[in-house]
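User: I am new to this structure and would be grateful for a close look at a single part of it, followed by an account of how that part sits in the whole. The model is shown below.

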Amino acid sequence: IAEVMQIFFCIVTGIPVMRTPLQILFLILVTDLPPSIALGMEPGDSTILEDRPRPKDEPVVLNWMWASMVINGAILSLVIIVVYIIALVTYCDGMVLQNDINQIPDFGDKLMDARTVAFISLVWAENVRSYTSRSFDKPVWHDLLGNVNMQKAIVLAQLALYVAVLVPFFSTDILQLRGINIGISGWLLALLGPVGCLILCELAKLITAYQMKKYQHSLAEKHDAEDKRLAAAAASRASSGGNSSAPPPVIKAAPKLAEAAPPAAASAPVGVAPPAAKQQAGTAAPAPAQDATVKFTGTIRASVVTGAPSKSACSCFGVSPTTFGGRYSSSE
């Protein structure tokens, strides 16, 4: 956000662009990258359990977090733009606008000196902001050295800065920076960036702390309302259950299976009517016997029988051979 704000301001106001494309690339990939990675390794906050649980449907980055990031980016941009304008006035014979600077002799070297001051000031300010950004509301000195990776990242960023502005040819011909030519006054002017960024960013935490407190208060109200709703629902269920006079539900037993018909005589297989009894003198002939169907509910385990069924093979199961035709197999 800060890089976009700075370049946009220079283009709109007619000030020479603060840095070249190669300088922007060096800042993003070399000096800003190690502190950004170290922030991702920041230890967890020990007071995180004191906060109210957040609803699962809320975004990861809340509105007050976006506001804090925008404010910090605006502070960084404001401080560096002020440093850059002072550097332009100092090194470019009091000229600030691009059209006026183009008229002075050796404007290329003078503009390079002003950009060098802004470059150094930006790297220092970014390193300071790496410490202030470790917490939204806690001061910068709180557990200052708690993240060892941050110290390593800042050392790497500082080494890269001094290589970029002090090493001959690499600084002057490639990155177009002149750290030696700006003198002591230029380095002292660059200190305004980190000092101003530190003070203003810490003051901005007061606004963020107020927003966080307000957000936690809103969460507390939502949780209290939900607790009251659940308590009322539980009380309603308890009262309705205590006054209920309805009898307990009756569980009916499953009906029993119908009893199987009595087996036929041992001499008559199942499915074959028994021989008709001889009629006695003076009595009516009995009604013809009807075939009885036996429902088998057990399990029959036997070998597979192939070919024409025999009477002995079928009668062992109580089944008439005339019931089957051709091939059959019986497993159950």
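Is Asp106 buried or exposed, and what is its relative accessible area?

Analyst: The model is a predicted one, and every value below is computed from it. Asp106 is exposed, because its relative accessible area is 57%, above the 50% that the term requires. This residue belongs to the loop that runs between helix H5 (98-101) and H6. Its backbone deserves a remark as well: phi of Asp106 is near 55°, a positive value in a residue that is not glycine. Most residues other than glycine have a negative phi.

A second residue may be set beside this one. Phe169 has a phi near 70°, again a positive value in a residue other than glycine. Its place is the loop between H7 and helix H8 (170-174). Phe169 counts as exposed, because its relative accessibility is 52%.

To place the loop of Asp106 in its setting, the overall architecture is needed. The protein contains 11 helices and zero strands, and its order along the sequence is α-α-α-α-α-α-α-α-α-α-α. It has 332 residues, of which 31% are buried. The accessible surface comes to about 21400 Å², and carbon and sulfur atoms account for 65% of that area. Of the contacts between residues at least 6 apart in sequence, 73% join residues at least 24 apart.

The helix that follows the loop of Asp106 is H6, which spans residues 107-132. H6 is one of the helices that supply at least two residues each to the largest nonpolar core; helix H1 (2-13), H2, helix H4 (63-91), helix H7 (148-166), H9 and H10 do so too. This core has 42 residues, and those with the most contacts inside it are Tyr84, Leu88, Val117, Phe119 and Ile120. In soluble globular proteins, nonpolar side chains tend to be buried together. Leu88 offers a detailed view of such surroundings: apart from neighbours within four places in sequence, its contacts include Ile15, Pro16, Met95, Val96, Ile101, Leu111 and Ala114. Asp93 and Gly94 are also in contact with Leu88.

Aromatic rings give further links to H6. The structure holds five aromatic pairs. In one of them, Phe26 and Phe119 have ring centres 6.3 Å apart and planes at 40°, so this pair is tilted. Phe26 lies in helix H2 (residues 21-31) and Phe119 in helix H6, so the pair ties together parts that are 93 residues apart in sequence. Both partners are buried: Phe26 has a relative accessible area of 13%, and Phe119 has a relative accessibility of 1%. Trp124 and Trp187 form another tilted pair, with 5.8 Å from centre to centre and 45° between the planes. Here too the link is between distant parts of the chain, with Trp124 in helix H6 and Trp187 in helix H9 (residues 183-190), 63 residues apart. Trp124 is buried, with a relative accessible area of 13%. Ring pairs also join Phe26, Phe119 and Phe170 into a cluster.

Cysteines can be considered next. A search of the whole structure finds zero disulfides. For Cys197 the closest cysteine sulfur is that of Cys201, and the two sulfurs are 3.7 Å apart, so they are too far from each other for a bond, the cut-off being 2.5 Å. Cys197 is buried, with 0% relative accessibility, and Cys10 is buried as well, with a relative accessible area of 1%.

Another link across the sequence involves Gln216, which is placed in helix H10 (residues 192-242). At 21% relative accessibility, Gln216 counts as partly exposed. Setting aside residues up to four places away in sequence, Gln216 touches Asp51 and Arg52. The C-alpha atoms of Gln216 and Arg52 are separated by 6.5 Å, although these residues are 164 residues apart along the chain.

Finally, the confidence of the prediction should be kept in mind. The mean pLDDT of the protein is 78, and 72% of its residues reach 70 or more. Over residues 263-284 the pLDDT is below 50, and this stretch has 11 contacts in the model beyond near neighbours in sequence. Over residues 301-332 the pLDDT is likewise below 50, with 33 contacts in the model beyond near neighbours in sequence.

Terms used:
Residues numbered from 1 in each chain as written. Predicted model: local features only at pLDDT ≥ 70, side-chain atom pairs only at ≥ 80, totals over all residues. Heavy atoms only, no water. Buried < 20%, exposed > 50% of the residue type's maximum accessible area, 1.4 Å probe, protein only. Phe/Tyr/Trp six-rings, centres within 6.5 Å; stacked < 30°, edge-to-face > 60°. Helix = DSSP H or I, 4+ residues; strand = E, 2+ residues; numbered from the N terminus. Contact = heavy atoms within 4.5 Å. Areas by Shrake-Rupley, 256 points an atom, 1.4 Å probe, with all protein chains shown as cover. Core = buried A, V, L, I, M, F, W, Y, C linked by side-chain atoms within 4.5 Å. pLDDT = per-residue confidence, 0-100.
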